[in-house]
Amino acid sequence: MKLPSLRIRLLQARLAVARLGWSAPLAGLACLAGAACWLWWLPAQQARATEQSATIARLERALKTPAKPAPAPEPSPAQARLAAFHATLGEHGQNGASLRTMFELARESGLTLSQGDYNSQSNRDSRTDAYRVVLPVVGSYAAIRRFCETTLLAIPFASLDEISFKRSTVGSPVLEARLRFTLHLKQASANVGGPASDQDSTS
């Protein structure tokens with residue numbers, strides 16, 4: 001009940017008591033009843049207003065708080081293994097620098113390089129390039145072994161796939177060796193789906 005309506009009803013009750021000539025105590029009782037209603041109504045209104053203010057404040061905080069982005073889906077075991085594999089690969093186009101490193105290490109090991117053959121193959125499924133390097137070298141067994149070890153340490157994405165030895169004469173300390181390395185490189189996105197292989201050779 002609204003406040004003006006309550007006051008009007010109280011006034012009407014007092015006028016009715018005056019017209020009927022009821023006693024003053026009865027009029028006082030009516031006034032006390034009206035005051036009790038007033039005292040009950042006012043706290044209820046205040047409590048309702050407080051609750052509404054709290055609700056509005058919660059809504060305002062919710063609107064101001066930015067929504068948290070959805071967490072990224074965890075990669076599958078196959079995707080995790082593929083990512084770990086790609087982390088070990090060399091960068092695309094790193095074959096030239098790797099060849100220069102090999103030639104330098106061969107000279108430091110005391111080996112003689114006669115000719116090198118190179119062959120590049122692309123794997124579209126794994127998006128990798130395999131750059132195969134065949135190096136015929138001449139030198140002592142210790143020098144050849146040292147060259148292989150230093151090459152694999154200097155180029156961590158290289159693998160030694162094949163090695164063969166040949167002596168010109170029995171008991172000769174000099175060996176002719178054929179070393180086949182593979183450089184495992186990441187495939188450039190622009191070259192995915194390009195030609196599968198190419199081949200060249202150099203002296």
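## A walk through the predicted model

At 46% relative accessibility, Glu91 counts as partly exposed, because a residue is called buried only under 20% and exposed only over 50%. This residue belongs to a predicted model, and it makes a useful starting point, since Glu91 forms a salt bridge with Lys186, in which the closest N and O atoms are 3.2 Å apart. Lys186 is partly exposed as well, with a relative accessible area of 26%. Because Lys186 lies in strand E5 while Glu91 sits in the loop between helix H3 (77–87) and H4, the pair ties together parts that are 95 residues apart in sequence.

To place these elements, it helps to read the whole chain, which contains five helices and six strands and follows the pattern α-α-α-α-β-β-β-α-β-β-β along the sequence. Of the contacts with a separation of 6 or more, 70% are between residues 24 or more positions apart. The protein chain has 203 residues, of which 22% are buried, and it exposes about 14,400 Å², with carbon and sulfur atoms supplying 59% of that area.

From here we can turn to the interior. The largest nonpolar core has 23 residues, and those with the most contacts inside it include Met102, Val133, Phe147 and Leu179. Helix H4 (95–108), strand E3 (128–139), H5 and strand E5 (175–186) each supply at least two residues of this core, and the largest share, six residues, comes from E5. Val133 shows how such a residue is surrounded: leaving aside neighbours within four places in sequence, Val133 is in contact with Leu99, Met102, Asp117, Tyr118, Leu179, Arg180 and Phe181.

Tyr118, one of those contacts of Val133, also leads to the aromatic pairs, of which the structure holds three. The rings of Tyr118 and Tyr131 have their centres 6.2 Å apart and their planes at 15°, so this pair is stacked. It links distant parts of the chain, with Tyr118 in strand E2 (residues 116–123) and Tyr131 in strand E3, 13 residues apart, and both Tyr118 and Tyr131 are buried. The rings of Tyr141 and Phe165, by comparison, have their centres 5.9 Å apart and their planes at 50°, so that pair is tilted. Here Tyr141 belongs to helix H5 and Phe165 to strand E4, 24 residues apart. Tyr141 is partly exposed, with a relative accessible area of 46%, and Phe165 is partly exposed too, at 39%.

These two residues also bring us to the surface, where Tyr141, Leu152, Leu160, Ile163 and Phe165 form a nonpolar patch with about 420 Å² of accessible area together. Helix H5 (141–154) and strand E4 (158–167) are the elements that give two or more residues to the patch, and E4 provides the largest share, three residues.

Finally, we return to charged side chains, for which the whole structure shows seven salt bridges. Glu104 and Arg107 meet in one of them, at 3.0 Å from N to O, and because they are three residues apart in helix H4, about one helical turn separates them. Another joins Lys166 and Glu176, whose closest N and O atoms are 3.6 Å apart. Lys166 lies in strand E4 and Glu176 in strand E5, so this pair ties together parts that are 10 residues apart in sequence. Lys166 is exposed, with a relative accessible area of 53%, whereas Glu176 is partly exposed, at 35%. Salt bridges that share partners also join Asp161, Glu162, Arg178 and Arg180 into one network.

Note on methods
Residues are numbered from 1 along each chain as its sequence is written. This is a predicted model: local features need pLDDT of at least 70, side-chain atom pairs count only at pLDDT 80 or more; totals for chains, interfaces and linings use all residues. Side-chain values use heavy atoms; hydrogens and water are left out. Patches are made of residues with over 30% relative accessible area and no salt bridge: like charges are joined within 9 Å, nonpolar side chains (Val, Leu, Ile, Met, Phe, Trp, Tyr) within 5 Å. Accessible areas come from the Shrake-Rupley method with a 1.4 Å probe; for residues, only the protein chains shown count as cover. A salt bridge is a side-chain nitrogen of Lys or Arg within 4 Å of a carboxyl oxygen of Asp or Glu. Helices (H or I, at least four residues) and strands (E, at least two) are DSSP runs, numbered from the N terminus. A nonpolar core is a set of buried Ala, Val, Leu, Ile, Met, Phe, Trp, Tyr and Cys residues joined through side-chain atoms within 4.5 Å. Buried means under 20% relative accessible area, exposed over 50%, partly exposed in between (1.4 Å probe, protein chains only). Contact means heavy atoms within 4.5 Å. Rings of Phe, Tyr and Trp (its six-membered ring) pair if their centres lie within 6.5 Å; planes under 30 degrees apart count as stacked, over 60 as edge-to-face and the rest as tilted.
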